[in-house]
There are 2 protein chains.
Amino acid sequence: MQDHELKFKDYLATKGLKLTSPRKHILDAVFDLHEHFNAEELYNRVKSITSDVSIATIYRTIPLLVDAGLVQQALRSSGRDRYEHIYGHPKHIHWLCKACGAIVETDLNTLMGAVREQASLMGFRVQETEISIMGLCWKCIDNEKQI
Amino acid sequence: MQDHELKFKDYLATKGLKLTSPRKHILDAVFDLHEHFNAEELYNRVKSITSDVSIATIYRTIPLLVDAGLVQQALRSSGRDRYEHIYGHPKHIHWLCKACGAIVETDLNTLMGAVREQASLMGFRVQETEISIMGLCWKCIDNEKQI
DNA sequence: CCTTATATTGAGAATCAGTTGCAAACTTAT
DNA sequence: ATAAGTTTGCAACTGATTCTCAATATAAGG
Ligand SMILES: [Mn+2]
Ligand SMILES: [Mn+2]
Ligand SMILES: [Zn+2]
Ligand SMILES: [Zn+2]
């Protein structure tokens, strides 16, 4: 059994819930997917493996995965909530290019020092940070110059 | 005429649009309101001054204000898009307490140095930054201790 | 003023992501 | 096997936002 499967099972146990087959398939799909995803994309991914799911169960399972610390919300895009798996991944910053839509991720560590400093100053206990920076990626800046 | 009204009018002019009475009332309400607001809250605020608006016009005007650089999206909360006026305000970080829902704002400058450094390393041209930090405020940490 | 072209508005209908009620199917513990 | 509690798919629902459309308003030109 994989690490994240164990963690999900443990989490479910503490809530008196069970690791069922649909939940297992959803979990697998989430960790197979190395991009941000929305509920429907996740649904399609799971369906391509097994018919053993409904979109309702997708919507019901995502909050469980988030609460278990396996998934976090990512940048909402075109009116839909998006997510990404995080267990075993370092926290990161999202850089969104407004021209081409590319999302680049970078490490959060350098910024976290500054965040922690400000947090301790105001007595705030940080649980989650979401840092999104929008602008232009180097490719789109290059294109712009050529015009 | 106030500064932001001029700016809105200029923006509208460049788009061949007009500064009408409903738009003026909405703009005023936005800059009277010194908190984050959603469409309905803004609607109620405008209605308390004049009956000269509909919720449809609120929804139609918000994107104009955003595009004009007078308003920006803030943390979405309980399924509704939230906004805040920004013209003349420094960019800031949002600290959201997950226990009591309080939103504290702090200056962005200390963090911006680190952001810029990382940006120049990757050749990214920053246009907007959204930094949201979720956790517990000092009041809620205090309460927790007493339990 | 009058005319015309264009922009704007409110009202209500439509959309659509996400949620929920429910009855059938499962699980797990007696 | 029985009972108690959990899960699921389906379809109906919800509610924020968007869209349609007919009626008004606006601005420019004559
Ligand atoms: Mn990511
Ligand atoms: Mn703010
Ligand atoms: Zn780009
Ligand atoms: Zn608090």
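Trainee: What makes the pair formed by Thr20(B) and a phosphate oxygen of DNA strand C a polar contact?

Mentor: In this predicted model, a polar side-chain atom of Thr20(B) lies 2.7 Å from a phosphate oxygen of DNA strand C, and because a polar contact is a pair of N or O atoms within 3.5 Å, the pair qualifies. Tyr59(A) has an N or O atom of its side chain 2.8 Å from a phosphate oxygen of that strand, DNA strand C, while a polar backbone atom of Lys18(B) is 3.0 Å from one.

Mentor: Residues are numbered from 1 along each chain as its sequence is written, and chains are lettered from A, with ligands numbered from 1, in the order in which they are written. Local features need pLDDT of at least 70, side-chain atom pairs count only at pLDDT 80 or more, and totals for chains, interfaces and linings use all residues, while side-chain values use heavy atoms, without hydrogens and water.

Trainee: Which residues come closest to DNA strand C, and how many surround it?

Mentor: 18 residues surround DNA strand C, the closest being Thr20(B), Arg23(B), Ser54(B), Thr57(B) and Arg60(B); a residue is near a strand if one of its heavy atoms lies within 4 Å of it. Of the atoms of DNA strand C that come within 4 Å of the protein, 77% belong to sugar and phosphate.

Trainee: What about DNA strand D: which atoms of Ser54(A) and Thr20(A) approach its phosphate oxygens?

Mentor: An N or O atom in the side chain of Ser54(A) is 2.7 Å from a phosphate oxygen of DNA strand D, and a polar side-chain atom of Thr20(A) lies 2.6 Å from one.

How values were computed: Polar contact = N/O pair within 3.5 Å; in protein donor to acceptor, adjacent residues only side chain to side chain.
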